[in-house]
Amino acid sequence: MHDVFLLLGSNLGDRISYINQAIQHIETDIAPIAKASSVYETQSWGKTDSPDYLNQVVFIQTDLPARIILQKILAIEIIIGRIREEKWGSRIIDIDILFYDSDIINEPGLHVPHPELHNRRFTLEPLAEINPLFIHPVFNKAVTQLKNELNDNLIVKKLYF
């Protein structure tokens with residue numbers, strides 16, 4: 001079984017409903033959610049004039065390879081109604097693979113660990129909530145250490161437990 005951390009995000013429409021739909025699809029199409037962080041509201045990152053996001057990290061265990069997980073989460077995004085229009089643009093749902101075990105994967109269209117996760121408070125806050133001691137395989141630092149060293153000053157607040 002592979003330990004996989006996924007980040008869910010939404011900043012359009014009924015944000016919590018889209019995150020819940022994503023969780024339902026993940027549980028049906030990939031694996032049951034073994035652990036989930038609280039839901040956090042965060043300022044938009046990258047394109048700061050966009051609406052605020054809701055974000056949540058979920059942990060799953062699966063036998064599926066990372067490439068198949070990516071294909072399935074992209075399909076889930078489409079089923080829920082995501083349309084990719086611009087980089088860092090608003091979206092009703094976004095699902096990213098943060099970690100796949102401690103593997104380092106650099107393939108076309110698939111980069112794990114997520115290449116920006118160490119720079120983003122909206123990722124590290126919920127990730128630290130459910131696995132603060134997980135070691136980032138590239139930086140060889142625990143998630144809490146990465147969070148404590150972060151220069152990202154965007155506001156991230158816990159909403160739902």
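Contact here means heavy atoms within 4.5 Å. The legends below describe a predicted model.

**Figure 1. Surroundings of I97 in the largest nonpolar core.** Not counting residues up to four places away in sequence, I97 touches V4, F5, L6, A66, I69, L70, I73, L110, V112 and H114. The largest nonpolar core comprises 29 residues, and within it L6 and I97 have the most contacts. At least two residues of this core come from each of β1 (2-10), α1 (15-29), β4 (53-62), α2 (66-80), β5 and β7. Helix α2 provides the largest share, with 6 residues. A second core, separate from this one, holds 18 residues, including F59, L98, V143 and V156.

**Figure 2. The overall fold from which the close-up views are taken.** The protein contains 4 helices and 10 strands. Their order along the sequence is β-α-β-β-β-α-β-β-β-α-β-β-α-β. The C-alpha trace spans about 35 × 35 × 30 Å along its principal axes. A compact globule of 161 residues would have a radius of gyration near 15 Å, and the 14 Å of the protein agrees with this. Of the 161 residues, 48% are buried. Of the contacts between residues at least 6 apart in sequence, 70% join residues at least 24 apart. The exposed area of the protein is about 7,900 Å², of which carbon and sulfur atoms supply 50%.

**Figure 3. Helix α3 and its enclosure.** Because 9 of its 10 residues are buried, α3 is largely enclosed by the rest of the structure. Burial is assigned here under 20% relative accessible area. The buried residues of α3 are R121, F122, T123, L124, E125, P126, L127, A128 and I130.

**Figure 4. The cis peptide bond before P113.** Between V112 and P113 the peptide bond is cis, and its omega is near 0 degrees. P113 belongs to the loop that runs between β7 (110-112) and α3 (121-130). V112, on the other side of this bond, is one of the residues touched by I97.

**Figure 5. D101 in the loop between β5 and β6.** D101 has a positive phi, near 50 degrees, although the residue is not glycine. The loop that holds D101 lies between β5 (94-100) and β6 (105-107).

**Figure 6. V138 and N140 in the loop between β8 and β9.** What is the backbone phi of N140? Phi of N140 is near 55 degrees, a positive value in a residue other than glycine. N140 is located in the loop between β8 and β9. With 62% relative accessibility, N140 counts as exposed, because the threshold for that class is over 50%. V138 also has its place in the loop between β8 (135-136) and β9 (141-142). V138 has a relative accessibility of 47% and therefore counts as partly exposed.

**Figure 7. A nonpolar patch on the surface.** Which residues form the nonpolar patch on the surface? I104, V138 and F139 make up this patch, and together they have about 260 Å² of accessible area. Its member V138 is located in the loop between β8 and β9.

Conventions
Residues numbered from 1 in each chain as written. Predicted model: local features only at pLDDT ≥ 70, side-chain atom pairs only at ≥ 80, totals over all residues. Heavy atoms only, no water. Patch = residues over 30% accessible without salt bridge, like charges linked within 9 Å, V, L, I, M, F, W, Y side chains within 5 Å. Areas by Shrake-Rupley, 256 points an atom, 1.4 Å probe, with all protein chains shown as cover. Salt bridge = Lys/Arg side-chain N within 4 Å of Asp/Glu carboxyl O. Buried < 20%, exposed > 50% of the residue type's maximum accessible area, 1.4 Å probe, protein only. Core = buried A, V, L, I, M, F, W, Y, C linked by side-chain atoms within 4.5 Å. Rg over C-alpha atoms; globule rule 2.2 N^0.38 Å.
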